[in-house]
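How do we back up the words we use for a structure? Let us put each word to the test.

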There are 2 protein chains.
Amino acid sequence: MARQGLNREKLIEASISLMEEKGYNAFSMAELAKYVHVNPSSLYNHIESLDMLNTEVGLAAVERMVEAEKQAIAGKSQDEALFAIADAYRDFAKTHIELYRAVMNFQKTQNQVLEKAAGRIVDPILQVLSSYGLSRGDQMHWQRVLRSVMHGFIAHEEAGGFSHFPADRDESYRIAIQCVADGLCAAGRGEK
Amino acid sequence: MARQGLNREKLIEASISLMEEKGYNAFSMAELAKYVHVNPSSLYNHIESLDMLNTEVGLAAVERMVEAEKQAIAGKSQDEALFAIADAYRDFAKTHIELYRAVMNFQKTQNQVLEKAAGRIVDPILQVLSSYGLSRGDQMHWQRVLRSVMHGFIAHEEAGGFSHFPADRDESYRIAIQCVADGLCAAGRGEK
DNA sequence: ACTAAAAACAAATGTCATTCGTTTTTTGTG
DNA sequence: CACAAAAAACGAATGACATTTGTTTTTAGT
């Protein structure tokens with residue numbers, strides 16, 4: 001019954017660790033309580049709900065992913081930056097697959113939180129795209145294209161959807177990103 | 001207590017209807033039991049588990065999606081077929097978003113089931129790609145590229161991840177598919 | 001040392017999925 | 001038509017979960 005010195009931040013930290021360790025789906029209030037040696041009901045002295053905890057973990061994961069991306073693209077531009085951010089994105093998802101799940105499972109209800117996260121996620125991508133000389137409108141479209149390719153690839157890869165054929169997945173990803181690179185170059189030259 | 005004339009097929013059908021009506025997440029044994037006017041425990045006379053039911057619904061959804069795709073590409077080839085299948089894919093996902101979720105939430109554990117579903121999904125896509133004159137290896141890569149773009153786009157769109165900027169989403173999708181089309185043409189001409 | 005806030009607890013509620021044993025209904029055979 | 005066996009329903013129970021409430025313990029500030 002001795003106090004554990006808990007607070008909101010520590011619980012979020014513990015949630016991140018626990019989620020990485022046991023998996024996004026195995027995460028629960030009961031598991032978290034066990035992890036911090038406390039009764040499940042005691043958690044509510046520090047946090048409002050499981051939903052809120054999932055959101056906070058997702059936000060923290062976004063920060064880490066964005067940080068990794070920014071480091072990857074530092075000092076680079078155009079195709080070099082594009083491949084760097086694409087690789088960093090995939091590396092993060094593979095290394096922290098459970099955190100990546102937390103990001104992609106954001107509740108649609110939390111509109112303002114989602115808005116904030118979306119802004120952070122788009123930021124380094126727009127930075128890369130800015131070196132291609134696109135119109136403002138095209139930047140918006142191509143930002144979506146790149147995010148679609150990256151997430152779609154990782155989602156399939158992680159779900160085992162690419163296991164049917166034995167082709168090298170790294171090479172598939174390279175081809176996908178090169179495809180976007182070529183499209184960006186063409187768009188940058190003003191081709192429609 | 002009068003019998004309801006239930007069986008495995010009818011329960012799967014009911015599950016599909018219920019899932020489309022109430023949503024993938026709201027689906028439960030309790031809801032299904034209510035829907036077919038039976039005690040929850042009675043369901044186990046016909047099916048093994050909720051997991052198995054989710055899998056069956058997912059498989060049924062794959063069949064419907066593939067059917068829609070095949071109709072869309074009938075008699076078409078190259079870019080026309082590509083855009084047709086891409087639009088059919090997105091249309092299906094938007095019209096039956098809860099079924100689409102069921103497809104994308106396949107359990108990784110069910111390896112043979114996943115294998116079967118994967119084969120079905122890839123089939124119409126390979127049919128489209130076959131008109132581009134790719135090598136067998138390239139077909140495998142580009143099949144992955146196209147699936148990544150389509151699913152990634154829908155996942156983001158459906159999660160509200162494309163709401164941050166007011167750009168037209170239809171146009172973003174068109175650009176994404178055109179990007180793949182251009183890549184396919186180049187690959188078909190033997191460019192590396 | 002004492003008071004008040006903070007943090008822990010136990011117990012309870014209302015969800016689930018699933019299992020078990022029992023009762024009811026139907027089916028098929030004599 | 002009767003009767004036995006199979007099939008399908010049920011209720012009750014188990015153990016998981018999130019969350020609420022009321023109570024007790026611990027700590028911090030005075």
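What follows is a set of questions and answers about a predicted model.

Q: What makes up the secondary structure of chain A?
A: Chain A has eight helices and zero strands. Along the sequence the pattern reads α-α-α-α-α-α-α-α. Its C-alpha atoms fill a box of roughly 70 × 40 × 30 Å along the principal axes.

Q: How many of the residues in chain A are buried, as a percentage?
A: Buried residues make up 51% of the 192 residues in chain A. To be counted there, a residue must have under 20% relative accessible area.

Q: How far apart in sequence are the residues that meet in chain A?
A: Take the contacts between residues at least 6 apart in sequence. Of these, 70% join residues at least 24 apart.

Q: Why is A:His151 called buried?
A: The cut-off for buried is under 20% relative accessible area. A:His151 has 7% relative accessibility, so A:His151 counts as buried. A:His151 is found in helix 7 of chain A, residues 136–159.

Q: Which residues does A:His151 touch, leaving out those up to four places away in sequence?
A: In chain A they are A:Tyr89, A:Tyr100 and A:Met104. In chain B they are B:His151, B:Gly152, B:Ala155 and B:His156. A touch here means heavy atoms within 4.5 Å.

Q: How do you know how chain A and chain B are related?
A: Superpose chain A on chain B. The operation is a rotation of 180° with 0.0 Å of shift along its axis, and the RMSD is 0.1 Å. The two copies are therefore related as by a two-fold rotation axis. In chain A, the C-alpha nearest the axis belongs to A:Gly152, 1.8 Å from it.

Q: What shows which surface serves the two copies?
A: Look at the contact residues of chain A: 100% of them recur in chain B. The same surface serves both copies.

Q: How do you know that the span of helix 7 of chain B agrees with its number of residues?
A: Helix 7 of chain B has 24 residues, 136–159. At 1.5 Å a residue, the helix should span 34 Å. Its end C-alpha atoms are 35 Å apart, which agrees.

Q: What makes helix 7 of chain B mostly covered?
A: Count the buried residues: 20 of its 24. Just after this helix comes B:Gly160, with a positive phi of about 85°.

Q: Why is helix 5 of chain B called largely enclosed?
A: Helix 5 of chain B covers residues 97–104. Six of its eight residues are buried, so the rest of the structure largely encloses the helix. The buried ones are B:Glu98, B:Leu99, B:Tyr100, B:Arg101, B:Ala102 and B:Val103. Their cover includes helix 1, helix 3, helix 4, helix 6 and helix 7 of chain B.

Q: Where is B:Phe83 found, and what is it in contact with beyond its neighbours within four places in sequence?
A: B:Phe83 is found in helix 4 of chain B. Its contacts beyond those neighbours are B:Arg174, B:Ile177 and B:Gln178. B:Phe83 and B:Tyr173 are 90 residues apart in sequence, and 10.0 Å apart in space from C-alpha to C-alpha.

Q: Which residues are closest to DNA strand C?
A: In total, 19 residues surround DNA strand C. The closest are A:Arg3, A:Asn39, B:Arg3, B:Met29 and B:Tyr44. The residues of this surface divide into seven nonpolar, 10 polar and two charged.

Q: Which parts of DNA strand C come within 4 Å of the protein?
A: Sugar or phosphate holds 68% of those atoms, and bases hold the rest.

Q: What makes A:His46 and DNA strand C a polar contact?
A: The limit is a pair of N or O atoms within 3.5 Å. A polar side-chain atom of A:His46 lies 2.8 Å from a phosphate oxygen of strand C. A backbone N or O atom of B:Ala30 also lies 3.0 Å from a phosphate oxygen of this strand.

Q: Which residues surround DNA strand D most closely?
A: The closest are A:Arg3, A:Met29, A:Tyr44, B:Arg3 and B:Asn39, among 18 residues that surround the strand. Sugar and phosphate account for 67% of the atoms of DNA strand D within 4 Å of the protein. A backbone N or O atom of A:Met29 is 2.6 Å from a phosphate oxygen of DNA strand D.

Note on methods
Residues numbered from 1 in each chain as written. Chains lettered and ligands numbered in written order. Predicted model: local features only at pLDDT ≥ 70, side-chain atom pairs only at ≥ 80, totals over all residues. Heavy atoms only, no water. Near = heavy atom within 4 Å. Polar contact = N/O pair within 3.5 Å; in protein donor to acceptor, adjacent residues only side chain to side chain. Nonpolar A, V, L, I, M, F, W, Y, C, P; charged D, E, K, R; others polar. Helix = DSSP H or I, 4+ residues; strand = E, 2+ residues; numbered from the N terminus. Expected span 1.5 Å × (residues − 1). Buried < 20%, exposed > 50% of the residue type's maximum accessible area, 1.4 Å probe, protein only. Least-squares fit on C-alpha atoms with pLDDT ≥ 70 in both.
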